[in-house]
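Biologist: I am new to this structure and should be grateful for a close look at a single part of it, the surroundings of the bound ligand. Please add whatever can be said about the charged side chains as well.

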Amino acid sequence: MGKLPALAEKTSSITLPFERGKRPLVAFPEKRPLMVMTTRPPQLETPFHLFNERIFTPNDAFFVRWHLANIPNQVDVNTFRLVIRGNVKQPLSLSLEELKRDFEQVEIAAVCQCGGNSRGFFEPRVPGGQWGNGAMGNAKWIGVRLRDILNKAGLLDEGVQVRFDGLDRPVAEGTPDFQKSLNLADAIQENVLVAHTMNGDPLPWLNGFPLRLVVPGWYATYWVKMLNDIEVLNENDQHFWMEKAYRLPADSCRCSQPGEKTTQSVPIGKMPVRSFITNLENKGTISAEKPLTIKGIAFDQGYGIDRVLFSADGGQQWQTARLGQDYGDFSFRPWEAQFTPVRGRTYAFQSIAVNRIGESQRFSARWNTNGYLRNAVETVNVHAS
Ligand SMILES: Nc1nc2c(c(=O)[nH]1)N[C@H]1C(S)=C(S)[C@@H](COP(=O)(O)O)O[C@H]1N2
Ligand SMILES: [Mo]
């Protein structure tokens with residue numbers, strides 16, 4: 001067995017393997033100690049060993065990312081309303097009770113991953129939150145289909161995009177409020193939920209209590225938290241968080257060269273396929289001369305994982321890993337491979353996932369100025385003794 005990183009409970013910090021990677025472990029409300037990147041607004045990373053222990057990330061270990069520091073510290077569940085307005089026949093103002101009582105309740109397992117997950121590994125380094133690989137989590141979400149809510153309000157022909165806003169607000173005047181929009185055609189997909197329940201419990205406050213948008217397969221920036229306002233727009237959303245932030249170079253690779261200015265850009269969208277080894281630590285030690293089980297996870301934007309390949313020699317030879325239980329196309333998919341290490345040798349363990357339409361991870365990391373979309377094959381170097 002490889003050595004796992006020390007348990008959060010027993011240590012006071014974890015150091016990620018890049019410059020300025022030291023993260024204190026601090027317990028925020030409803031959270032176990034997590035890796036703190038910033039306190040105001042809270043940005044907390046899940047220690048990576050958690051992904052080995054549980055295929056569904058516990059709520060108290062789920063990563064946290066807010067852009068604005070003015071987050072209400074309480075919400076009155078009796079007076080809270082979700083408003084649906086704009087290009088609809090009948091604007092709605094729904095209580096939590098009505099949402100739970102008057103609509104079909106749907107459950108889906110889905111990965112929520114920040115567009116900047118793994119940004120700290122970009123070379124050359126890029127500005128922005130220096131996340132390790134723990135700005136992601138997998139949960140079972142229960143809520144109401146956004147489409148059912150929009151249908152109840154009645155869509156007008158003019159509808160083009162749907163804008164989502166939560167209760168958080170900027171601290172400084174002039175900072176744009178955090179709002180995100182989806183094209184109407186994407187918003188009415190059957191898996192898009194207004195969720196109130198996460199892994200069987202109400203959403204933790206920091207993960208968006210009492211409601212958040214769940215957009216399976218899409219990067220988490222669209223999963224608007226503390227959601228209280230839905231507006232159907234008759235044109236494309238022009239404001240900051242769509243037009244300026246969370247954008248990628250428009251070329252097909254979504255790559256740019258360091259120093260090059262991106263002229264055309266597109267909004268970030270769905271997540272490319274990824275896989276990770278979860279039970280071994282990079283630069284760790286493994287026991288030689290007996291079979292070792294390598295464990296990991298894989299996920300994509302919802303086609304589902306077709307296969308995962310494992311290599312012990314940095315990608316020269318590959319074996320097919322055994323896939324574990326299938327919890328749905330948007331969930332983490334567990335996998336395992338077996339390998340018997342020889343004493344004294346150093347190994348470069350890698351995994352590569354392929355989804356059901358044949359898309360695979362990249363061997364070289366794509367680079368872009370915002371540090372989004374990383375899905376390169378990762379290497380875990382281990383020494384057998
Ligand atoms: N209201 C609100 N929702 C938000 C954000 C935010 O700043 N405000 N950040 C988004 C981004 S960029 C991410 S990565 C996810 C993080 O979700 P989590 O904190 O539940 O892990 O929330 C999304 N929803
Ligand atoms: Mo994000």
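Modeller: In this predicted model, ligand 1 sits in the largest cavity. Around ligand 1 there are 18 residues, of which Phe63, Asp168, Asn207, Arg212 and Lys225 come nearest. Two side chains and one backbone position may be singled out for their polar atoms. The backbone of Phe63 places a polar atom 2.7 Å from an oxygen atom of ligand 1. From the side chain of His67, an N or O atom is 2.8 Å from an oxygen atom of the ligand. In Arg212, a polar side-chain atom lies 2.7 Å from an oxygen atom of ligand 1. Taken alone, ligand 1 exposes 530 Å², and the protein buries 100% of that area.

The charged side chains come next. Side chains of opposite charge can pair when their charged atoms come close. In this model the count of salt bridges comes to 19, and three of these pairs are described here.

One salt bridge joins the side chains of Arg85 and Asp229, with 2.7 Å from N to O. Arg85 belongs to strand β6 (residues 82-86) and Asp229 to strand β15 (residues 227-233), so this pair ties together parts that are 144 residues apart in sequence. Arg85 has a relative accessibility of 33% and therefore counts as partly exposed. Asp229, by contrast, is buried, with a relative accessible area of 14%.

A further salt bridge is found between Asp177 and Arg169, whose side chains meet at 3.0 Å, N to O. Here Asp177 is the buried partner, at a relative accessible area of 16%, while Arg169 counts as partly exposed at 32%. Arg85 and Asp229 return in a wider arrangement: salt bridges that share partners join Arg85, Arg163, Asp229, Glu231 and Asp237 into one network.

Another pair is formed by Asp102 and Arg101, whose side chains meet in a salt bridge of 2.9 Å, N to O. Asp102 is partly exposed, with a relative accessible area of 37%. Arg101 has a relative accessibility of 53% and counts as exposed, since the term applies to values over 50%.

To draw these points together, ligand 1 occupies the largest cavity, and the protein buries 100% of the area that ligand 1 exposes when taken alone. Among the charged pairs, the one between Arg85 and Asp229 links strand β6 with strand β15, and both residues belong to the network that also includes Arg163, Glu231 and Asp237.

Key
Residues numbered from 1 in each chain as written. Chains lettered and ligands numbered in written order. Predicted model: local features only at pLDDT ≥ 70, side-chain atom pairs only at ≥ 80, totals over all residues. Heavy atoms only, no water. Salt bridge = Lys/Arg side-chain N within 4 Å of Asp/Glu carboxyl O. Helix = DSSP H or I, 4+ residues; strand = E, 2+ residues; numbered from the N terminus. Buried < 20%, exposed > 50% of the residue type's maximum accessible area, 1.4 Å probe, protein only. Near = heavy atom within 4 Å. Polar contact = N/O pair within 3.5 Å; in protein donor to acceptor, adjacent residues only side chain to side chain. Areas by Shrake-Rupley, 256 points an atom, 1.4 Å probe, with all protein chains shown as cover. 1 Å grid on protein atoms, 1.4 Å probe; cavity = no way out; pocket = protein on both sides within 12 Å on 5 of 7 lines; lining within 4 Å. Sits in = over half its atoms within 2 Å of the grid points.
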